[in-house]
Amino acid sequence: MNMLPDPVARYLKASAELDAQGALSPFAPDAVVVDEGRTHKGTAEIADWIAQAAVAVKARPAVLSADTEDGAHLVRASVSGDFPGSPVELTFRFHLSPDGISRLEIRP
């Protein structure tokens with residue numbers, strides 16, 4: 001497995017620990033998250049998304065594999081928690097900027 005860049009590793013570790021502030025901290029101020037067909041822009045919207053889509057349902061990712069593609073960091077993870085269909089395998093596509101995670105797309 002490829003080594004994960006620091007912002008990606010910090011996000012995944014904090015998410016696995018249900019640490020909302022820790023999961024938010026690697027994002028750039030103008031970051032975008034796309035998950036379940038919804039787009040969340042900026043740290044305020046991303047903080048709400050983390051609280052509702054992750055912490056509230058105890059969604060914890062466990063990394064299965066990591067790779068790079070077209071400048072993005074791809075992480076395949078098994079996500080388990082208190083939600084229908086748990087666990088699910090998801091692909092997290094991270095784009096980075098000097099300010100941290102600039103874009104995160106999550107797909108089945």
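The legends below describe close-up views of a predicted model.

**View 1. Surroundings of Ser80 in strand 4.** Ser80 belongs to strand 4, which covers residues 72–80, and with a relative accessible area of 33% this serine is partly exposed. Once neighbours within four places in sequence are set aside, the residues in contact with Ser80 are Lys58, Ala59, Arg60, Ser86 and Pro87. Of the pair Ser80 and Arg60, the C-alpha atoms lie 5.4 Å apart in space, although the two residues are separated by 20 residues in sequence.

**View 2. Arg93 in strand 5 and its polar contact with Glu69.** Arg93 is part of strand 5, residues 88–97, and counts as buried because its relative accessibility of 17% falls under the 20% cut-off. The side chain of Arg93 is joined to that of Glu69 by a polar contact of 3.0 Å. When residues up to four places away in sequence are not counted, Arg93 touches Asp70, Ala72, His73, Leu74, Arg103, Leu104 and Glu105 as well as Glu69.

**View 3. The largest nonpolar core, with Leu104.** This core comprises 24 residues, and those with the most contacts inside it are Tyr11, Phe27, Ile46, Trp49, Phe92, Phe94 and Leu104. At least two residues of the core come from each of helix 1 (6–16), helix 2 (20–24), helix 3 (42–55), strand 1 (27–35), strand 4, strand 5 and strand 6 (100–107). Leu104, with neighbours within four places in sequence left aside, is in contact with Tyr11, Phe27, Val32, Val33, Val34, Trp49, Phe92 and Phe94, and also with Arg93, the residue shown in View 2 with its polar contact to Glu69.

Methods: Residues numbered from 1 in each chain as written. Predicted model: local features only at pLDDT ≥ 70, side-chain atom pairs only at ≥ 80, totals over all residues. Heavy atoms only, no water. Helix = DSSP H or I, 4+ residues; strand = E, 2+ residues; numbered from the N terminus. Buried < 20%, exposed > 50% of the residue type's maximum accessible area, 1.4 Å probe, protein only. Contact = heavy atoms within 4.5 Å. Polar contact = N/O pair within 3.5 Å; in protein donor to acceptor, adjacent residues only side chain to side chain. Core = buried A, V, L, I, M, F, W, Y, C linked by side-chain atoms within 4.5 Å.
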